[in-house]
Amino acid sequence: MNTKSWSIAGMLFTLILGILLHFTYAWSEGNLLVAIFSVVNESIWEYLKLLFTPMFLFAILEFFAYGSELPNFIPVRLLSILLGMITITTIFYTYVGIMGDHVLVSDIGIFILGILAAYSFSYKMLQTGYLSSSVAVAAGLAGLLILLICFFIFTFNPPQLPLFQDPFSLSYGISLY
């Protein structure tokens, strides 16, 4: 498969697994391991897991399939994930600020736009030699690790900021007690 086919497969994988991850925590009856990768409340931060987790998992598959041959694969994957997360967050807060509330259909559309932005950027950047240095690769690995750690920590101990607050229960993360 070429990078275009991989990008299309990645979009579909991220969409399908992302939708499933919205429900897996409840389906697992509150399993804490599942909580790390699944949505545990309705906060925007938790919704970002719907993009991050599938893209991260698919990136591992891609790396072993072809990404190890592309010196810019890791930094491009980090930037594409960040772009998808920024796209979702920015559009969500913009439209909720204008409309005053959010609508499920719009939220799903924003998720799809985040996926499209992330994989389109990735596809285009992988065609270039940009970000191929060893420093860029190290920074990409560090960034992915930091994101992974943040999703773990902030699931159980999120900052008391609006990004992390469930708009319905007004709670943050999940409690271990």
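Guide: Buried means under 20% relative accessible area, exposed means over 50%, and partly exposed is whatever falls in between. One more thing before we look around: this model is predicted.

Visitor: Okay, is R77 buried or exposed?

Guide: The cut-off for buried is under 20%. R77 has a relative accessible area of 1%, so it counts as buried.

Visitor: Which residue does R77 form a salt bridge with?

Guide: Look for a carboxyl oxygen within 4 Å of the side-chain nitrogen, since that is what a salt bridge takes. Here the closest N and O atoms are 2.5 Å apart, and the partner of R77 is E62.

Visitor: How many residues apart are R77 and E62?

Guide: This pair ties together distant parts of the chain. R77 sits in helix 5, while E62 belongs to helix 4. Along the chain, the gap is 15 residues.

Visitor: And is E62 buried or exposed?

Guide: Use the under 20% rule for buried again. E62 has a relative accessible area of 1%, so the verdict is buried.

Visitor: How many salt bridges does the structure hold?

Guide: Besides R77 with E62, there's K49 with E46, whose side chains meet at 2.8 Å, N to O. The count for the structure is two.

Visitor: Which helix do K49 and E46 lie in?

Guide: They're three residues apart, which is about one turn of the helix. Neither one is out in the open: K49 is buried at 0% relative accessibility, and E46 is buried at 1%. Both residues of the pair belong to helix 4.

Visitor: Where is S38?

Guide: S38 touches K49 and E46, and its other contacts beyond four places in sequence are L21, T24 and Y25. With 2% relative accessibility, S38 is buried too. As for its place, it's in the loop between helix 3 (32-37) and helix 4.

Visitor: Which side chain does the side chain of S38 make a polar contact with?

Guide: It's one of the residues S38 touches, a group that includes L21, T24 and Y25. The polar contact is at 2.4 Å, and the partner side chain is that of T24.

Visitor: At what angle do helix 4 and helix 6 pack?

Guide: Two packed helices are described by the angle between their axes and the distance between the axes. For helix 4 (residues 44-65) and helix 6, the axes lie 11 Å apart. Helix 4 passes helix 6 in a right-handed crossing. Their angle is about 35 degrees.

Visitor: Which residues in helix 6 do L50, L51, M55 and F58 meet?

Guide: Those four are the helix 4 side of the contact. By class, the whole contact has eight nonpolar residues, one polar and no charged ones. Over in helix 6, the partners are F111, G114, I115, A118 and Y119.

Visitor: Which backbone oxygen does the side chain of T87 reach?

Guide: T87 is found in helix 5 (residues 73-99), and it's buried, with a relative accessible area of 15%. Beyond its sequence neighbours up to four places away, T87 touches L113, G114 and A117. The side chain reaches out 2.7 Å to the backbone oxygen of L83.

Visitor: Is L131 buried, partly exposed or exposed?

Guide: L131 lies in the loop between helix 6 (104-126) and helix 7 (134-156). The middle class runs between the 20% and 50% cut-offs. With a relative accessible area of 31%, L131 lands in that class, so it's partly exposed.

Visitor: What distance separates the C-alpha atoms of L131 and N72?

Guide: N72 is among the residues that L131 touches, along with P71, P75, V76, L79, M125 and A136. The two are 59 residues apart along the chain, yet their C-alpha atoms are separated by 5.2 Å.

Visitor: What is phi of L170 near?

Guide: L131 has a positive phi, near 65 degrees, in a residue other than glycine. L170, found in the segment after helix 7, is exposed at 54%. Its phi is positive as well, near 60 degrees.

Visitor: How far apart in space are W27 and P167?

Guide: W27 is found in helix 2 (residues 24-27) and counts as exposed at 57% relative accessibility. In sequence, W27 and P167 are 140 residues apart. In space, C-alpha to C-alpha, they're apart by 21 Å.

Definitions and conventions
Residues are numbered from 1 along each chain as its sequence is written. This is a predicted model: local features need pLDDT of at least 70, side-chain atom pairs count only at pLDDT 80 or more; totals for chains, interfaces and linings use all residues. Side-chain values use heavy atoms; hydrogens and water are left out. Helices (H or I, at least four residues) and strands (E, at least two) are DSSP runs, numbered from the N terminus. Buried means under 20% relative accessible area, exposed over 50%, partly exposed in between (1.4 Å probe, protein chains only). Contact means heavy atoms within 4.5 Å. Axes are lines fitted to C-alpha atoms, for helices over the stretch in contact, and angles run from 0 to 180 degrees between N-to-C directions. A crossing is left-handed if the near helix is turned anticlockwise from the far one by less than a right angle, and right-handed if clockwise. Ala, Val, Leu, Ile, Met, Phe, Trp, Tyr, Cys and Pro count as nonpolar, Asp, Glu, Lys and Arg as charged, and the others, Gly among them, as polar. A polar contact is a pair of N or O atoms within 3.5 Å; within protein, one must be able to donate a hydrogen and the other to accept it, and residues adjacent in sequence count only if both atoms are side-chain atoms.
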